[in-house]
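Here are some exercises to work through with the structure open beside you. Try each task before you read its solution.

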Amino acid sequence: MQTIDNFNFAGKKAFVRVDFNVPLDENFNITDDTRIRAAMPTLKKILADGGSVIISSHLGKPKGVEDKYSLKHILSHVSKLLGVNVQFADDCVGDDAKAKAAALKPGEALLLENSRFYKEEEGKAKVADDATDEEKQAAKTEIKKKQKAFAEKLASLADVYVNDAFGTAHRAHATTAVMADFFDAGHKFFGYLMEKEVDAVEKVLNDIKRPFTAIMGGSKVSTKIEIINNLLDKVDNLIITGGMTYTFTKAAGGKIGNSICEDDKLDLAIELKKKAAEKGVNLVLAVDAKIADSFSNDAKTAYADSDKIPDGWEGLDIGPKTEAIYAEVIKKSKTILWNGPTGVFEFENFTHGSRAVAEAIVEATKNGAFSLVGGGDSVACINKFGLADKVSYVSTGGGALLEAIEGKVLPGIKAIKGA
């Protein structure tokens, strides 16, 4: 497969789909520019070759054109990081975008307005609740036709297509997947960030050094069921942590007080435990918890066995015995996937368990393990603890990473790589 490293962009206009969906405060100041920085190596490579870049991204979830979601708010910061005066088109298709893209000279950059200002970007049909199946199908066919035409207009602006937005790779949107159809195999590529993300996922799922340990946190079993099922065919150890713990504990007959629990998923928890045993997977669950008398950082706290939490109290983090058990399993591992904290890490008094997991992963990495950290909250954790540079890879993709781990083919990857 062609890569941007072995392609010379001299004299070429490259349409680069990035993920500049960054958080802004009420004054439109960027509060975390990680995603913008992540795309810089790709953009700079193209400019250094003597090419020009047409930068495309979405921002937020706008309903039509909304000023608060305009990419003009991030223009000066993108210019500063890229080291060139980035031009701005007040639309992503139309006369302004077309004229400015056509006039781009080598070494110049243009930022297009938010692609999600157009419903054709996402390609979702809006139909009435009482629509017939035929009407729904007709609406779906029509929006897909419009999405393709929209993608073709965008593709006509450039000679080359580069996708560097792993965070949206699970979406079959015009700029993330459909556009690639208008470029031949020699003129569409992954950017550096996308390449690294794809390689990291491949490594953790298909190039496994054993023992392989996955640490799955989060509050609900229901949101992680597909991932857990897929991992049971791959891992040696599966650590279930976070709020999910209490569904498993209650299913086993434990007393969990006021802890979060999906009562309609108790049978599922029993089934997953059985499946793990059948497949020879070591399913590791918490044995103790740091409990609180309310959901607050300032709550009164104590420690209890996970299955003996008193009424009126709830588990908000793992306890010291569990920290030791998790750490021992992690430190012996050679491949590690971490998705989700052990507790309510947003509250300072309940960060200890997640920090213990992060430190154990760092130690295992130091001893030669490959460690992949991904999925919103675990990334926030590793950054909060200042340990992001001490693990093998921190993924920028939340939903995209989770769907890849589930074993799904991501549209943004398929569009360039093929099936």
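**Exercise 1.** Which residues form a positive surface patch?

Some ground rules come first. This is a predicted model, where local features need pLDDT of at least 70 and side-chain atom pairs count only at pLDDT 80 or more, while totals for chains, interfaces and linings use all residues. Residues are numbered from 1 along each chain as its sequence is written, and side-chain values use heavy atoms, with hydrogens and water left out.

*Solution.* Step one is the rule for a patch: its residues have over 30% relative accessible area and no salt bridge, with like charges joined within 9 Å and nonpolar side chains (Val, Leu, Ile, Met, Phe, Trp, Tyr) within 5 Å. Lys and Arg count as positive and Asp and Glu as negative, with His and the chain ends not counted. Each charge is placed at NZ of Lys, CZ of Arg, CG of Asp or CD of Glu. Accessible areas come from the Shrake-Rupley method with a 1.4 Å probe, and for residues only the protein chains shown count as cover.

Step two is the list: Lys-61, Lys-63, Lys-68, Lys-119, Lys-126, Lys-146 and Arg-171 make up the positive patch.

Step three picks out one member. Lys-119 sits in helix H4, residues 119–122 (helices are DSSP runs of H or I with at least four residues, strands are runs of E with at least two, and both are numbered from the N terminus). Lys-119 is exposed because its relative accessibility is 54% (buried means under 20% relative accessible area, exposed over 50%, partly exposed in between, with a 1.4 Å probe and protein chains only).

**Exercise 2.** Now flip the sign: which residues gather in a patch of negative charge on the surface?

*Solution.* Start with the members, which are Asp-129, Asp-130, Asp-133, Glu-134 and Glu-135. Then look at Asp-133, which belongs to helix H5, residues 133–155. With 61% relative accessibility, Asp-133 is exposed.

**Exercise 3.** How many salt bridges does a search of the whole structure find? Then work through three pairs.

*Solution.* First, the idea: side chains of opposite charge can pair when their charged atoms come close. The rule asks for a side-chain nitrogen of Lys or Arg within 4 Å of a carboxyl oxygen of Asp or Glu. The search turns up 21 salt bridges.

Pair one is Arg-35 with Asp-19, whose closest N and O atoms are 3.6 Å apart. This pair links distant parts of the chain, as Arg-35 is in helix H1 (residues 34–49) and Asp-19 is in the loop between strand E1 (13–17) and H1, 16 residues apart. Arg-35 is partly exposed at 31%, whereas Asp-19 is buried at 8%.

Pair two is Lys-45 with Asp-49, at 2.8 Å between the closest N and O atoms. Lys-45 and Asp-49 are four residues apart in helix H1, so about one helical turn separates them. An α-helix has 3.6 residues a turn, so residues three or four places apart point the same way. Lys-45 is buried, with a relative accessible area of 14%, and Asp-49 is partly exposed at 23%.

Pair three is Glu-406 with Lys-408, at 3.2 Å from N to O. Glu-406 is buried at 19%, while Lys-408 is partly exposed at 44%. Elsewhere, Asp-305, Asp-307, Lys-308 and Lys-321 are joined into one network by salt bridges that share partners.

**Exercise 4.** Why is helix H8 largely enclosed by the rest of the structure?

*Solution.* H8 covers residues 244–251, and it is largely enclosed because seven of its eight residues are buried. The buried ones in H8 are Met-244, Thr-245, Tyr-246, Thr-247, Phe-248, Thr-249 and Ala-251. Just past H8, Gly-253 has a positive phi of about 95°.

**Exercise 5.** How many residues apart in sequence are Glu-363 and Asn-114, and how many Å apart in space? Do the sum for Ala-360 and Lys-209 too.

*Solution.* Glu-363 and Asn-114 are 249 residues apart in sequence and 42 Å apart, C-alpha to C-alpha. Glu-363 is in helix H11 and is partly exposed at 37%. Ala-360 and Lys-209 are 151 residues apart along the chain, with 17 Å between their C-alpha atoms. Ala-360 is also found in helix H11, residues 352–366, and is buried at 2%.
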